[in-house]
Amino acid sequence: MNTHKLRKARSLAARHAVLSIWLLICIIPLVTLVLASLKPAGLFMTIPEIFSFSGFSLENYGRAWRQGNFPFFLRNSLIIATASLAVVLVVCTPMAYGITRLGSAKMRNFLVFSILSTRFLPYVVLALPMYLIFRVVGLSGTLFGLVLAHLAMQLPFMVWLMLGFFSGVPIEVEESAIIDGCTPFQTFMLISLPMVLPGLNAAAILAFIISYNEFLFAFFLAGYNAQPLTVGIARFVGGGETAAQYGVIAAYGSMIIIPIVVFALVVNRYIVTGMTQGAVKG
Amino acid sequence: MASQRFFRPWGFILPGIVLGIITLVVPIVMGFRYSLHRIRLYRLSDQVFVGFQNYMRLFDDPLFMMSVRVTFWFTIGCTILAVVFGLAIAAVMSTRGIRGTGAARFYMAFYLVPFVATQVVVGMLGRLYIWEPEYGMINWIIGLLGMDPVGWLISADTALMVTTITNSWRLVPLALLVFYAALATIPDAIVESAEVDGASALTIFFRIKLPMIRFHISFVTLIILTSAFREFDLVYALSGLGPGRSTNVLSMLVYHMGLSTANIGLANAISFIMFGIVAVLAVVYIKAAKLSEMRE
Amino acid sequence: MREGKTKQRATLLVAVATLFVFAVSPAFAGGAREDDRVTIRIAEHPGPHVQPLEEYFIPRYEELTGVRIEMEVLPPDQLWQRMALEAQAGSNYYDIGYHSPGWFGYYYESVADLRPYMERNNFDMSQYSAAVQESHMTNELLRPGEIIALARNPQTPIYAYRTDWFAHPDEQANFRAEYGYDLAPPETWEQLYDIAEFFTRPAGATVAGETLNEALYGYSASISAPGGMARAFLAIVYSMGLDGFDENYQTDLDNPILLDGVAYWERLVENTFPPAAATWNFLEHLDYFRNGRLATAELWPEGVMRAEDPAGQAVGNVGYATFPRWEGNLADLPIGRSFLGGGGILMFDTPRSEEAFKFLQWVYEENAVEFTKRTAMFARNDQFENEEILASADFYETFLPAFGEQMAYGFPRQDIAEWGAVMYTPVGEFAADVISGVMTPEAAQQRLVNNMNTVFREEGYID
C-alpha cells in the first residue's frame with residue numbers, strides 16, 4: 001500500500017516536472033528579452049551576462065521610446081485594436097446571431113460555408129489587391145483602410161466563433177420573449193446576448209489581441225500615419241544591428257509584448273474559452 | 001436547431017454580409033483580375049492584360065517550385081510538431097491529480113503566452129537572442145553540453161528547421177488547449193475499467209482516449225495547417241528569405257515579388273495560387289465538420 | 001453558480017479596465033504633440049549622418065526656426081519600398097527622402113523639382129562638380145531639365161586593409177613564402193583572394209605576433225540577399241567590364257565571363273568571409289574590421305568613420321587602396337570599379353516643400369563644412385577643399401586620394417526607372433542563388449538575362 005502511494009506521488013511529481021519544463025520553454029524566451037532590455041546599452045551579451053541579476057539600467061527604454069517614436073505607434077496600435085474589437089461587437093455578433101436564427105437551412109448552410117471558406121485565407125492574398133484597390137478609392141495609408149483590412153481577418157473567425165455560442169441558446173426562451181411583446185432587437189439585446197456573455201468576452205478579447213499583434217496588413221497598407229507598433233519595430237529588421245541597437249530592440253520588443261502578455265494572463269480564461277470553441281465547431 | 005423560425009433575421013446579417021463583400025470578396029476577385037495583368041510597382045496605373053502569362057512564368061520558374069517545396073515542409077513540420085507536442089502535454093495535464101486543479105489552470109495561463117506574443121517580436125527575439133550563432137541561447141546550451149556551435153539561421157541546412165520550430169512553439173498552445181479540453185471530458189469510469197483489465201497508461205491513451213478525440217485532432221490539424229501555410233510575420237522577422245532562399249515560403253515570395261522585384265501582377269498570381277490551395281483545405285475542413293456533426 | 005457569476009463579472013471588469021488603460025494612456029503621450037508648428041518628415045538611410053542630424057543639426061534648426069523635424073531611419077530595402085508605397089499612395093507623408101540614383105525610378109513621379117526653390121533661395125549649384133550633378137542630381141530620362149536631388153555623398157567602394165598587419169615582418173615573410181610575391185594592397189582580384197585567404201585564421205592562431213581570441217577573417221562585405229549581395233557583387237560585375245546593358249538595351253550579362261566572376265566570388269565568400277556576413281545589410285562588416293576580426297574589407301567611403309572608430313582596434317592602422325584590376329576585363333580597366341553609389345537628399349512634392357527646402361539648404365549648404373566634419377561625407381567643392389576638414393582627422397591624408405582615384409572609375413547607373421528591377425535585385429539574387437547552390441550558375445545567368453529582356457520587352461525598349 002505504502003509503495004503504491006509512493007509510486008503515485010512519484011508519478012505525480014514526474015508529471016508536474018514535465019509540465020514545468022514546458023512552462024519554462026514557454027516563458028524563458030520572453031524573460032531573456034526583458035532581462036536583455038534592462039542591461040546597459042552598447043554591449044553584446046552572452047546568456048550568463050543577460051541572466052546575471054545586476055547592473056540594471058533603463059537606458060534602452062529611454063532610447064526606444066524616443067528614437068523609435070514609441071508613443072505614436074502605440075496610439076495607432078490601440079486605435080486599430082479597439083476598432084477591431086468594436087467591429088466584432090457591432091457587426092460580427094449580430095451576424096452570427098442572425099445566421100443561427102435563419103429559417104432557411106439552405107441559406108444558413110451557404111452562409112456558414114462562405115464564412116468557413118474565407119476563414120483560412122492567407123492574408124497576403126488579400127493584402128496585395130487591397131493595396132491597389134485602396135489606392136484607387138483613396139484609402140491608401142489611412143487608419144480607416146487598415147481597420148477595414150483587419151475586418152477581413154476578423155469577420156470570418158469571429159462570426160464562426162459566435163455561431164457556436166449562439167447555437168447553444170435555447171430558442172424557447174426567445175419565443176416566450178417575443179410573445180411577451182419584445183421586438184427581435186430587444187430579444188437579441190436583453191435575452192440572447194446576456195446568455196452568451198462569456199463567449200462575447202472571449203471574442204472581444206481575442207479580436208483585440210489578434211489586431212494588436214497583426215503585422216502583414218499594416219506593413220503593406222499603412223502609411224506612416226497609420227503604422228502600428230509591429231511595423232514600428234520591423235524597422236529594425238535588416239537594419240544591420242549593432243551592439244547599441246540590440247538593447248534598443250529588446251526594449252522596444254518588451255514594451256510591445258509585455259502589456260499584451262500580461263493582459264492575456266489576466267483574462268486567460270476567456271482566451272481558453274474562445275480558442276477552444278473557435279477551433280472545434282460552430 | 002429547430003427549422004421553424006419566428007422572425008426574419010436579415011437585419012442582423014446584412015451589415016456583416018456587406019462588409020464581408022467589401023473586405024473579402026472584392027479583394028479576391030480583384031486579386032484574380034490583377035494576376036492576369038502586367039503591373040509594375042513603379043507604374044501602378046499602367047495595367048496591361050496578359051492572360052495567364054504570369055501563371056505560365058511561375059510554373060516555368062524553378063524558384064517558384066522551390067518556394068512551394070519550402071512551404072510544404074514548413075507547413076507539414078509545424079503541423080506535426082504542434083499537434084504532437086500539444087497532444088503530449090495535454091495528455092499529461094489531463095491525468096488524474098492534475099486535471100481541473102489550480103495547478104492546471106496556472107500552467108494553462110502561461111502556456112498561452114507563445115500564442116498571444118506578438119509574432120514580429122518573437123521573430124526578432126529568436127534571431128537576436130535565441131538562435132544567434134555567437135551569443136544566442138541555444139548555442140550556449142549546446143556549448144554547455146560540449147558540442148560545437150551551429151549556424152542555425154545563417155546556414156541553409158538548418159534555417160528552415162529553426163523557423164519551423166519557432167513557429168511551432170507559437171502554435172502548440174492552440175493544439176494543447178483543444179486537446180486538453182477534449183481529454184478532460186473523458187469520464188474516469190472508462191479509463192478505470194480499462195485499468196482494471198490491466199491496460200498500461202500508454203495503451204489507454206492510444207487505444208481509448210485518442211480515438212475519442214479524433215475529430216478534435218482533425219480540426220486542430222487543419223487549423224494549424226492553414227495557419228502555418230499563411231504565416232508571414234514570424235518568417236519575415238526571423239529569417240526573411242533565409243540563406244539560399246531556404247525559408248522562402250509562399251507568403252514571403254509574394255512580398256518579395258511584389259515589392260523587391262516590383263512585379264505586382266506576378267505576385268498576385270502567386271497569392272491566387274495560395275488561395276486555391278487553401279480553398280481545397282477549407283472544403284476538407286467542412287467535410288470533417290459535417291462528419292462530426294453526424295456522429296454527435 | 002452564483003459565485004461563478006461574480007467571478008466572471010470580476011474578470012470582465014478587469015478586462016475592460018485593462019483595455020481602458022490601454023486606450024487612454026497614449027492620449028496623454030500624444031497630447032503634447034498637438035500644436036500648429038510646421039512638421040517636416042524625413043525618411044533616411046542608416047549611416048554616419050544619422051547621429052549628427054539627430055543630435056546636432058535637427059535640434060539646432062528646431063530651436064532656430066520653430067519648425068519641427070521628424071526623421072525616420074529605415075533599413076535600406078524597407079526604405080525604398082516605403083518611399084515607393086507612400087509615393088504611389090499619394091500620401092504626402094514624407095517631405096524629404098533619401099536619394100539613391102538606383103532607386104529613383106520607384107517614385108520619380110512624386111519627387112519635387114528643386115530648380116525653382118534653388119533660384120528663389122540663391123542656392124549655389126557651382127559647388128557641385130559636373131560629374132556629381134550628372135550622376136546624383138539629375139535624371140535626364142525621367143525628369144529632363146530638372147534638379148531632382150542634392151548630392152550628399154556620391155561614393156564608390158574602395159579597399160581597406162590593416163597597415164600594421166601588412167607591415168609586420170612575420171606576415172610579410174610568411175606571405176612571400178606561400179604566394180611568391182610581396183604582401184601589399186592587391187593589384188588583381190586574384191591577389192585580393194590570396195591575401196584574404198592568407199589572413200583567414202582560426203581562434204588561437206597568431207596574427208602580427210599576437211594570439212587571436214576569436215577567428216580572424218580575410219575579407220568581407222555585407223552580403224544579405226538580395227540588397228547587400230547586389231551592392232557587393234556588382235563590384236565584380238563592373239570590374240569585369242560589364243555594364244549590364246547598353247544604350248540600345250542589349251544586355252551583356254549573357255557573357256560567359258560572368259560565370260568566372262561568380263565562381264571567383266563564391267570562392268571568396270566561402271573561404272574568407274565571416275559566416276554571419278550573409279545576414280548583414282550594408283556596413284556591418286566594418287564592425288568586424290574595427291574590432292580586429294577582419295584583415296581587409298570592402299569600404300564604402302561613408303563607412304570610414306566606422307572603420308576608424310576611436311574605440312576600435314583598427315583606428316590609425318587602416319590603409320586605403322583602389323579596388324584591384326580584373327585580369328582580362330572587357331573594358332581594359334586599369335583598376336577595379338563598382339557602381340557610383342551613395343546618394344543625396346530629395347524632396348517630395350508636399351504642401352511643406354518650401355519649408356523643407358529651407359532646412360536642406362541650412363544643413364547642406366550653410367553648414368556644409370560642419371556636416372562633413374561630423375560625417376566624413378563629401379559632395380561639394382567647399383567640402384573637398386576645406387583645410388579645416390582635412391585637418392580634422394588623420395585618415396583623410398590616405399583616405400581621400402584612394403577615394404578620389406576610385407571615383408574616376410565609378411560606374412554611373414543608367415537612368416531608367418527599371419534599373420532596380422533589372423539590375424540591383426536580380427544581380428543580388430543571381431550571386432546569392434549560385435553561392436547557396438539553389439541554382440547552377442548557368443541556370444541563374446539564364447534567369448537573370450531572361451528577366452532583363454522580359455522587362456525591356458514589356459516596356460517597349462526592345463522588340
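Which residue in E2(C) does Ile42(C) stand opposite? Keep that in mind while looking through chain C; point 2 picks it up.

1. First, what kind of model we have. This is a predicted model, and the predictor gives the complex an ipTM of 0.92 with a pTM of 0.89. For chain C the pLDDT averages 90, and 92% of the residues score at least 70. One stretch to watch is residues 26–33 of chain C, where the pLDDT is below 50. Beyond near neighbours in sequence, that stretch has 9 contacts in the model. Where pLDDT is low, the predicted coordinates should not be read in detail.

2. Back to the opening question: Ile42(C) stands opposite Met71(C) in E2(C). The strands involved are E1 (residues 39–44) and E2 (residues 68–73) of chain C, which pair in the parallel sense over 6 bridges. Helix H2 (residues 50–65) of chain C joins E1(C) and E2(C) in a right-handed β-α-β unit. H2(C) lies across E1 and E2 of chain C, and runs at about 170° to E2(C).

3. Now widen the view to the sheet these strands sit in. It is an open sheet of 5 strands in chain C, ordered E2-E1-E3-E10-E4, with mixed pairing. Its edge strands are E2 and E4 (150–155) of chain C, each pairing on one side only. On average, neighbouring strands here are turned by 15° against each other, direction ignored.

4. The mixed pairing has an antiparallel part too. Strand E3 (residues 96–99) of chain C pairs with strand E10 (residues 341–347) of chain C in the antiparallel sense, over 4 bridges. If you want a residue to click on, try Tyr98(C): its bridge partner in E10(C) is Ile345(C). Over at E4 and E10 of chain C, helix H5 (residues 130–137) of chain C lies across both strands, running at about 100° to E4(C).

5. There is another open sheet in chain C, with 3 strands in the order E8-E5-E9 and antiparallel pairing. The edges are strand E8 (296–299) and strand E9 (318–321) of chain C, each of which pairs on one side only. From one strand to the next, the twist averages 30°.

6. What sits on that sheet? Helix H17 (residues 396–407) of chain C packs on it, touching E5 and E9 of chain C. The direction of H17(C) makes about 20° with that of E9(C). As for the strands underneath, E5 (residues 158–162) of chain C and E9(C) pair in the antiparallel sense over 4 bridges. Within that pairing, Tyr161(C) has Gly319(C) as its bridge partner in E9(C).

7. Next, how chain C is divided. Domain 1 of chain C covers 39–154 + 341–404, and domain 2 covers 158–338 + 415–458. Their C-alpha centres lie 28 Å apart. The contact takes 25 residues from domain 1 of chain C and 22 residues from domain 2 of chain C. On the domain 1 side, the elements giving two or more residues are helix H3 (76–89) and H17 of chain C. H17(C) gives the most to this side, with 4 residues. By class, the domain 1 side has 15 nonpolar, 7 polar and 3 charged residues.

8. Chain A is also divided, into domain 1 (2–51) and domain 2 (70–235). The centres of these two domains of chain A, taken over C-alpha atoms, are separated by 37 Å.

9. On to the chain B contacts, starting with chain A. Here 85 residues of chain B are in contact with 84 residues of chain A. Helix H1 (residues 10–35) of chain B gives the most to the side of chain B that touches chain A, with 15 residues. That side divides into 65 nonpolar, 17 polar and 3 charged residues.

10. Last, chain B against chain C. In this contact, 18 residues of chain B meet 21 residues of chain C. The elements giving two or more residues to the chain B side are helix H3 (62–93) and helix H13 (250–260) of chain B. By class, the side of chain B that touches chain C splits into 12 nonpolar, 4 polar and 2 charged residues.

Note on methods
Residues are numbered from 1 along each chain as its sequence is written. Chains are lettered from A and ligands numbered from 1 in the order in which they are written. This is a predicted model: local features need pLDDT of at least 70, side-chain atom pairs count only at pLDDT 80 or more; totals for chains, interfaces and linings use all residues. Two strands pair if DSSP finds at least two bridges between them. A crossover is right-handed if, with the strands pointing away from the viewer, the path from the first strand over the helix to the second runs clockwise. Domain bounds come from an automatic or database domain assignment. Two residues are in contact if their C-beta atoms, placed from the backbone, lie within 7 Å. Ala, Val, Leu, Ile, Met, Phe, Trp, Tyr, Cys and Pro count as nonpolar, Asp, Glu, Lys and Arg as charged, and the others, Gly among them, as polar. Axes are lines fitted to C-alpha atoms, for helices over the stretch in contact, and angles run from 0 to 180 degrees between N-to-C directions. pLDDT is the predictor's confidence in each residue, from 0 to 100.
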